[in-house]
Amino acid sequence: MTQTTNSCQYCGSALATTLVDLGLSPLSNSYVPLEQAARPDNMYPLHARVCDSCFLVQVDDVVPADEIFNQDYAYFSSFSQSWLDHCLDFATSTSNRFKLDEDSLVVEIASNDGYLLQYFLERGIRVLGIEPSASVAKVAQSKGIDTRVEFFGKSLSQNMREEGLSPDLICSANVLAHVPDIGDFVAGVTTLLTGDSVYTVEFPHLLNLINLGQFDTIYHEHFTYLSLVAVERIFGDQGLRVFDVEEVPTHGGSLRVYACLSDAAHTETDSVQRVRSKERAAKLHKVDGYLGFEPRVERIRDNLMDYLTEAKAAGRTVVGYGAAAKGNTLLNYAGIGTDLITYVVDKNPAKQNTLLPGSRIPVHGVEMLTTSPPDDILILPWNIKDEVVAQLADLRKSGIRFVTAIPEIEIVE
Ligand SMILES: [Zn+2]
C-alpha cells in the first residue's frame with residue numbers, strides 16, 4: 001500500500017484540514033463477480049481533506065494506482081438518456097457559438113463510447129477521441145469516431161502537436177476528478193491550444209457537494225473535488241484563463257468552465273464573477289468554508305439508518321435502484337448490508353449478477369422489480385431521481401414508494 005503523504009496532490013502543501021473522514025471503504029467500482037464472492041474486499045481509508053493553500057479538495061492517496069485503473073468494470077456513458085440530451089445541447093450550442101464547421105477539429109479527452117463526439121460528427125465536424133479504456137473506445141470506433149486509446153497528459157499532447165493536430169475545441173466532462181496529476185493534465189491542454197481555441201471542462205461543483213451534503217460523490221477513484229477558486233488557480237499556473245462558466249444540473253450541480261490561453265481574445269462573461277462571488281459567500285477561499293461538513297454527513301447517515309430500520313420493523317422490503325459508485329460510498333459508510341436492502345437493480349448488464357463491493361448486496365436487472373416487487377425503492381444515484389421515477393411510473397401506480405437519502409430523506413408516494 002502507498003503511504004499517505006498528507007501533502008497536496010497539486011501544490012505540495014501539508015494537508016491539515018479534514019473535510020470528511022468516511023472510514024474504511026472498498027473501491028467504489030470494484031463490483032464482485034459471483035464466483036469471487038468468497039474473496040474479501042480490499043479496504044482503504046476514505047478521507048477527504050482540503051489544501052489550505054490552493055483549496056483543492058482531495059482524498060488521501062492510499063490506493064495503489066494499478067488497483068484503481070485495472071478494475072474490470074467498464075463504464076458506458078450512453079446508458080443515461082438525460083445525459084445524452086445534455087450532450088446534444090452542448091454540441092449544438094458550442095458549434096454555433098465557436099462557429100465550428102467541417103474544417104474544425106473537436107478533441108474530447110476521456111471520450112468514452114463516443115456519447116458526445118457523435119453529435120459533432122453528425123454536424124460534419126472532424127472529431128478525435130482520447131480514451132484510456134480499450135473496451136469503451138472500441139464501441140466509439142464502431143460508430144465511426146476516431147479514438148486513440150491513451151491516457152491524456154503533457155507527453156501525449158506534445159506528440160499530437162508534432163503530428164500537426166490543432167483542435168479548435170477541446171472538451172472534457174467528468175474527467176478532471178479522475179486525473180492523478182491534475183497539473184500535468186492541464187499543462188497538456190495548454191500545449192494543444194492555439195490562438196483563440198477553447199477548452200471546456202465540466203465537473204461536479206464542490207459548492208453543491210458541501211451545501212447539499214453530497215458526500216457520497218467522494219470515492220477513491222475521484223482524486224479531487226473542484227471549486228472555481230481551485231480551478232482558476234491551477235489553470236492560471238498553466239497559462240489558461242477562464243472566460244465563461246455555466247452552472248448545469250448534471251451530477252447534482254456541475255460547473256461547465258470555458259477556458260482559453262491567457263492572451264486569447266475571449267472576453268470574460270459576468271457569470272464568471274457571479275460564481276466567484278457565490279464561492280466567496282460560502283467562504284470556499286478560506287478554511288472556514290470546509291469546516292462543519294462532517295457533522296452534517298453524520299446526520300444524513302443517521303436519518304437514513306432510522307428510515308431503513310423503521311421500514312424493516314414495519315415489515316416493508318427496501319431495495320436499491322442504480323448500482324452507482326456513489327451508492328457504494330453511502331452504503332459502506334453507513335454499514336448497510338442485505339439485512340436492510342435486499343437487492344439493487346441496474347440497467348447496465350456489466351453490473352448485473354455481481355455483488356456490490358463491501359455491502360455485498362446482489363445486483364440484478366431492472367425486471368427484478370416486477371418479478372420480486374419491493375415496498376420501497378431507494379434511488380442511490382439521486383441525481384437521476386426524476387428520470388427513474390418517470391421510467392418506473394407503473395410501479396409507482398402499483399403503490400411502490402421511491403426514496404432518496406441526500407440531501408435528506410425524501411419519499412415519493
Ligand atoms: Zn494545494
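## Exercises: a sheet, its helices and two domains

In this predicted model, V107 has L128 as its bridge partner in β6. Let's start from that pair.

**Exercise 1.** Work out which strands are joined around V107 and how they run.

*Solution.* Step one: find the partner, which is L128 in β6. Step two: look at the strands. β5 covers residues 105–109 and β6 covers residues 126–130. Step three: check the link. Five bridges join β5 to β6, and the two strands run parallel.

**Exercise 2.** Place β5 and β6 in their sheet, then find the edge strands.

*Solution.* First, write down the order: β7-β6-β5-β8-β9-β12-β11. That's an open sheet of seven strands, with mixed pairing. Next, go to the edges: β7 (147–148) and β11 (240–248) each pair on one side only.

**Exercise 3.** Which strands do helices α6 and α8 meet, and at what angles to β11?

*Solution.* Take α6 (residues 182–192) to begin with. This helix packs on the sheet and touches β8 (169–173), β9 (198–204) and β11. The direction of α6 makes about 110° with that of β11. Now take α8 (residues 228–237), which lies across β11 and β12 (254–261). Helix α8 runs at about 155° to β11.

**Exercise 4.** Describe how domain 1 and domain 2 meet.

*Solution.* Start with the bounds: domain 1 is 151–290 and domain 2 is 303–412. Their centres, taken over C-alpha atoms, are 33 Å apart. Then look at the contacts: ten residues of domain 1 touch seven residues of domain 2. Finally, sort the domain 1 side by type: three nonpolar, five polar and two charged.

Note on methods. Residues are numbered from 1 along each chain as its sequence is written. This is a predicted model: local features need pLDDT of at least 70, side-chain atom pairs count only at pLDDT 80 or more; totals for chains, interfaces and linings use all residues. Domain bounds come from an automatic or database domain assignment. Two residues are in contact if their C-beta atoms, placed from the backbone, lie within 7 Å. Ala, Val, Leu, Ile, Met, Phe, Trp, Tyr, Cys and Pro count as nonpolar, Asp, Glu, Lys and Arg as charged, and the others, Gly among them, as polar. Two strands pair if DSSP finds at least two bridges between them. Helices (H or I, at least four residues) and strands (E, at least two) are DSSP runs, numbered from the N terminus. Axes are lines fitted to C-alpha atoms, for helices over the stretch in contact, and angles run from 0 to 180 degrees between N-to-C directions.
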